[in-house]
Amino acid sequence: MGKFKELLQEMRRTPKESTVEAATTIAQVAVFSVVQLKEYCREHDLPQSRSKLQLVQRVSVHLKLPEAGASTEIQRQRPLKYPKLAVHDIAYKLKSWIYTCAKNASLRGDTTPELLTMDIHNAADHWAGDHTTCSYVHGMKKCVVENWTGGKEAKYPEGGKTHKAVKEFLKKYITETKMKCYIRARENFISEIFHSVINKFSTKRIHFDASHTARLACAAMDWNENIRRDVRATYQHASNDTAVRRRAKTNRVMVERTSHWKKALAATVFS
Ligand SMILES: [Zn+2]
């Protein structure tokens, strides 16, 4: 899914500054996402809003940017190629759209990627207000249940240049060959962690001829005993940098590891 940054760069001609504070024009403020603008508002005690347009206005006024007060029509002022995409944060919506599609494919028990690919490609039409494929792929979608007609919720006009751009992007990057890997909506971190446990018992530097299988068995027992430990507390790394703080993951403090399997093993072998 590394192509989203490319999408952003392709769709937004205004270069992104490192922080919201560094922006010198309204267009540069508008490049930032809703989440980043909300973060800025929170830090500077500005009133929050769900509308990107309002957030951009508030931040621009706060930064004392030229024409900030008169920016009632930001979309017209900013030099974006597809302004609707930035206003509605389409690149970020697309990300969660793809995750949802993959989860649904896994729930359906799909074995082929055709329907998943079609579901993802349908995003372009869904945002343009055309929900014919929505009802075909998944009848319980909000737009189908609430019968969104007439394009009231549409994010851009159907058949317009934005619609075409999103469609082309999806066609280019979301292919069936790629989506084959996503139909089960699984991640592989668990096997990565198990291999790190194996490394503890059977380090890669040494060739254990006689004991390798036994060492693997020990790793498996240790793994089985300590998997799914309870979380005792959570914490986040403090930082003065907004960007660092935003990206910082939540760390978990787990209950201590135990090794009862060692005693049980010793009792069986040496008793
Ligand atoms: Zn729809």
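Student: Which residues of α4 are buried?
Tutor: Leu55, Val56, Gln57, Arg58, Val59 and Ser60 are the buried ones in α4. Bear in mind that this is a predicted model.

Student: What happens just after α4, at Lys64?
Tutor: Lys64 takes a positive phi there, about 55°.

Student: Which residue other than glycine in the loop between α3 and α4 has a positive phi?
Tutor: Asp45 has one, with phi near 55°. Asp45 sits in the loop that runs between α3 and α4.

Student: Is Asp45 buried or exposed?
Tutor: Exposed. A residue counts as exposed if 12 or fewer other C-beta atoms lie within 10 Å of its own. Asp45 has 7 such neighbours, so it falls in that class.

Student: And what about Ala185, where is that?
Tutor: Look in the loop between α12 (176-179) and α13 (189-201). Phi of Ala185 is also positive, near 50°, and Ala185 is not a glycine. Ala185 counts as partly exposed, because it has 16 C-beta neighbours inside 10 Å.

Student: Let's zoom out. How many helices and strands does the protein have?
Tutor: The protein has 16 helices and 2 strands. The chain has 271 residues, and 22% of them count as buried.

Student: What share of the contacts joins residues far along the chain, 24 or more positions apart?
Tutor: That share is 55%, taken among contacts with a separation of 6 or more.

Student: How confident is the prediction, as a mean pLDDT?
Tutor: The average is 85. A score of at least 70 is reached by 90% of the residues.

Student: Where is confidence lowest, and where is it highest?
Tutor: Helix α5, residues 74-77, is lowest, with a mean of 48. Helix α14, residues 212-226, is highest, at 94. Where pLDDT is low, the predicted coordinates should not be read in detail.

Student: New topic. Which residues touch the most other members of the largest nonpolar core?
Tutor: Val29 and Leu116 do, in a core of 40 residues. Several elements give two or more residues to this core, including α2 (26-30), α3 (34-43), α4 (52-62) and α11 (161-173). The largest share is from α7, which gives 7 residues.

Student: Why does this core lie between domain 1 and domain 2?
Tutor: Because both domains give residues to the core. Domain 1 covers 4-87 and domain 2 covers 90-182. As a general point, nonpolar side chains tend to be buried together in soluble globular proteins.

Student: Back to Val29. What does Val29 touch?
Tutor: Leave out residues up to four places away in sequence, and Val29 touches Val20, Ala23, Val56, Val59 and Ser60. Val56, Val59 and Ser60 also appear among the buried residues of α4.

Student: How do α7 and α8 cross?
Tutor: Their axes come within 9 Å and cross at roughly 145°. The crossing is right-handed.

Student: Which residues make that contact?
Tutor: From α7, they include Ile90, Leu94, Trp97 and Ile98. From α8, they include Leu115, Leu116, Asp119 and Trp127. Leu116 came up before, as one of the core residues that touch the most other members.

Student: What does Ala154 touch?
Tutor: Setting aside neighbours within four places in sequence, Ala154 is in contact with Trp127, Ala128 and Gly129. Ala154 lies in the loop between α10 (142-145) and α11.

Student: Is Ala154 buried or exposed, then?
Tutor: Buried. The cut-off for buried is 20 or more other C-beta atoms within 10 Å. Ala154 has 20, so it counts as buried.

Student: How far apart are the C-alpha atoms of Ala154 and His126?
Tutor: They are separated by 7.6 Å, though the two residues are 28 apart along the chain.

Student: Last one. Where does Thr133 lie, and what does Thr133 touch?
Tutor: Thr133 lies in helix α9, residues 132-137. Not counting residues up to four places away in sequence, Thr133 touches Met118, Asn122 and Asp125. Thr133 counts as partly exposed, because it has 17 C-beta neighbours inside 10 Å. From Thr133 to Asp119, the C-alpha distance is 7.8 Å, and the two are 14 residues apart in sequence.

How values were computed:
Residues are numbered from 1 along each chain as its sequence is written. This is a predicted model: local features need pLDDT of at least 70, side-chain atom pairs count only at pLDDT 80 or more; totals for chains, interfaces and linings use all residues. Helices (H or I, at least four residues) and strands (E, at least two) are DSSP runs, numbered from the N terminus. Two residues are in contact if their C-beta atoms, placed from the backbone, lie within 7 Å. A nonpolar core is a set of buried Ala, Val, Leu, Ile, Met, Phe, Trp, Tyr and Cys residues joined through C-beta atoms within 7 Å. Domain bounds come from an automatic or database domain assignment. pLDDT is the predictor's confidence in each residue, from 0 to 100. Axes are lines fitted to C-alpha atoms, for helices over the stretch in contact, and angles run from 0 to 180 degrees between N-to-C directions. A crossing is left-handed if the near helix is turned anticlockwise from the far one by less than a right angle, and right-handed if clockwise.
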